[in-house]
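Let's take a walk through a protein together. Have a look at the structure first, turn it around a bit, and then read on.

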Amino acid sequence: MSAGTTPVIGLEEITKAYPGVVACDDVNIDLRAGEIHAVVGENGAGKTTLMAILYGLQRPDSGRIVVDGAAIELGSPRDALAAGIGFVQQHFSLIPTLTVAENLVLALRGDHARVRFDDAAKRVRELSAEFGLEIEPNARIEDLSVGHQQRAELLKALARDTRVLILDEPNALLTAQEWEELAAVLRRLAQRGVGIFLISHKLDDVLALADRVTVLRRGRVVDTMPASDATSESIAELMIGKLAVEAAAEAIIAGADPTVHAGDAPVLEVTDLWVRGERGTDVVKGVTLSLRAGEVLGIAGVEGSGQVELTEALFGARPLERGTVHLRGEDISARTLKDRQARGMSYVPADRRDAGLVGALSVAENTALATIGHAQFSRFGVLRPGAMRKRANELIEEFDIRVPTCDVAVSTLSGGNQQKVLLAREMSRDLSVLVCCYPTWGLDFAAAESIRGQILKLRQAGAAILYASVDLDELLRVTDRIAVLHHGRLTGELPTSEATAERLGLLMTGSVAA
């Protein structure tokens with residue numbers, strides 16, 4: 001790659017603390033022009049906080065930011081944009097009902113690079129050609145895949161004179177092909193002299209793309225090294241320690257007991273299921289499947305193929321257009337979400353922030369939400385905070401949730417720790433069926449392995465698990481069978497022992513598996 005030797009930007013002795021937590025502790029890190037610098041670490045290590053400081057979203061308690069050798073103040077994202085810093089965050093800031101071109105206009109309003117609505121489509125095409133980001137200017141954001149929405153975000157960031165680009169978990173929900181396309185774009189940007197900070201939990205992707213890697217652990221820099229000198233194992237060990245790496249691997253091995261066999265009678269049966277999406281069109285079309293006790297059924301597909309809507313409908317969070325859902329022989333098609341919970345069904349939604357957790361409530365309150373009316377947590381209609389805290393602290397220890405106390409608001413936690421709170425609540429209940437969509441999204445290596453191990457332990461205990469993911473490697477590791485969705489329809493189903501990424505890829509594109 002074309003990385004130079006002189007830093008274009010540097011963060012020097014950056015410290016940022018919140019009540020009970022030091023998110024960044026005397027951090028020193030720099031970025032060179034034309035370099036891809038990966039920043040890795042477990043959930044809560046301080047990665048996102050550090051990048052938020054660089055983008056003016058947070059102010060450090062101490063330390064300074066240096067651009068071209070001179071210290072600057074970044075009091076807001078506008079200051080960062082003026083300094084040539086762009087940020088593509090995990091949760092996109094696009095307006096779904098507007099087109100790509102319209103989103104670009106809004107992003108540039110008040111800026112010297114602003115563009116008129118009449119010229120917006122032309123400007124998108126120019127930027128697409130310049131940076132190799134093919135996208136239709138007049139396409140509505142809500143109609144695009146996650147990969148193409150990410151392209152729209154990148155175009156917004158690159159429409160200015162961007163010298164430094166920050167990407168937070170850009171490959172979290174991309175297919176392998178979409179990630180390869182994005183990686184090629186990032187390499188071209190680096191060759192043009194753009195410096196890139198890349199945050200990612202996918203260590204193999206990091207090593208294939210980055211020039212340097214900085215490892216953060218509990219807010220401090222552990223090491224910075226050339227990517228060519230590192231391996232996934234060595235980075236993981238720096239992130240969490242050798243014993244933790246071994247424990248994470250053991251958790252999934254222990255859960256994957258080959259002696260477990262699924263029962264004969266289906267616990268969950270879905271027949272000719274049709275579900276409508278947000279725009280009133282069918283997004284799940286005639287899906288029929290069954291799930292037995294003691295097995296994991298994977299639902300594969302590119303993002304936007306209907307996985308989210310299917311899992312929502314199974315749990316009662318989205319109405320059925322037609323079709324039936326039977327749980328242990330009982331028709332629950334018209335049953336409420338609460339009824340399904342009472343019958344032993346748990347659900348991990350794809351959107352933890354809006355569908356899984358209540359950000360303003362504490363960790364203790366969130367972990368008790370599903371059972372808050374039970375005698376354990378309330379008496380004669382009065383909540384029992386002590387019991388809620390006691391249970392929350394047990395789950396915090398069991399699921400390794402990094403939090404100062406169980407009384408802090410969930411919104412103050414890192415994305416990965418929020419996901420752990422959600423998983424802890426749903427997986428710790430007395431359940432017979434677990435429906436989960438993207439359960440390890442945003443989790444670091446050790447946490448993801450631990451969660452997979454927990455899910456496989458549920459399988460050993462006889463639970464039936466439906467596991468939707470866009471990560472084929474993950475599905476191949478934890479499932480017994482894999483069904484594939486393409487544009488809302490099942491295109492095939494394979495025993496995992498017979499599945500390969502290539503065969504699944506054909507099914508995911510609507511082709512017949514070889």
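## A walk through the fold

Asp272 counts as partly exposed, because its relative accessibility is 35% and that label covers values between 20% and 50%. Keep in mind that what you're looking at is a predicted model. You'll find Asp272 in strand β11, which covers residues 266-276. Its backbone has a little quirk: phi is near 50°, a positive value in a residue other than glycine.

Asp400 is another residue to click on. Phi of Asp400 is near 55°, again a positive value in a residue that isn't glycine. Asp400 sits in the loop between α14 (385-398) and α15 (415-427). With 38% relative accessibility, Asp400 counts as partly exposed.

Now zoom out. How many helices and strands are there in the protein? There are 18 helices and 22 strands. The radius of gyration is 23 Å, close to the 24 Å that the globule rule gives for 514 residues, so the protein is as compact as a globular protein of that length. If you drew a box around the C-alpha atoms along the principal axes, it would be roughly 70 × 50 × 45 Å. Of contacts between residues at least 6 apart in sequence, 67% join residues at least 24 apart.

What about inside and outside? Buried residues make up 52% of the 514 residues. The accessible surface comes to about 21,900 Å², and carbon and sulfur atoms account for 49% of that. As for charges, there are 55 positive and 70 negative ones, and their mean positions are 4 Å apart.

Time to go inside. In soluble globular proteins, nonpolar side chains tend to be buried together. Here, the largest nonpolar core has 55 residues, and the members that touch the most other members are Leu165, Leu189, Val213 and Ile235. Helix α6 (residues 176-191) gives this core its largest share, seven residues. There's also a second, separate core of 44 residues, with Leu357, Val410, Ala447 and Leu504 among them.

Which residues does Leu165 contact, if you skip its neighbours within four places in sequence? The list is Gly86, Val88, Leu154, Ala157, Leu189, Val194, Gly195, Ile196 and Phe197.

Next, find helix α10, residues 307-315. This helix is mostly covered, with eight of its nine residues buried. Charged residues are on that buried list too: Glu309 and Glu312 are both in it, alongside others including Leu310 and Phe315. Right after α10 comes Gly316, and its phi is positive, near 90°.

Let's finish with two helix residues. Is Gln454 buried or exposed? Gln454 is buried, because its relative accessible area is 16% and anything under 20% gets that label. Gln454 belongs to helix α16 (residues 445-460). Apart from neighbours within four places in sequence, Gln454 is in contact with Glu398, Phe399 and Met427.

And Lys122? Lys122 lies in helix α4, residues 117-131. Lys122 is exposed, because its relative accessible area is 55% and the label applies to values over 50%. To get a feel for distances, pick out Lys122 and Ile482: they are 360 residues apart in sequence and 43 Å apart in space, going from C-alpha to C-alpha.

Technical notes. Residues are numbered from 1 along each chain as its sequence is written. This is a predicted model: local features need pLDDT of at least 70, side-chain atom pairs count only at pLDDT 80 or more; totals for chains, interfaces and linings use all residues. Side-chain values use heavy atoms; hydrogens and water are left out. Helices (H or I, at least four residues) and strands (E, at least two) are DSSP runs, numbered from the N terminus. Buried means under 20% relative accessible area, exposed over 50%, partly exposed in between (1.4 Å probe, protein chains only). The radius of gyration is taken over C-alpha atoms; the globule rule is 2.2 Å times the number of residues to the power 0.38. Contact means heavy atoms within 4.5 Å. Accessible areas come from the Shrake-Rupley method with a 1.4 Å probe; for residues, only the protein chains shown count as cover. Lys and Arg count as positive and Asp and Glu as negative; His and the chain ends are not counted. The place of a charge is taken as NZ of Lys, CZ of Arg, CG of Asp or CD of Glu. A nonpolar core is a set of buried Ala, Val, Leu, Ile, Met, Phe, Trp, Tyr and Cys residues joined through side-chain atoms within 4.5 Å.
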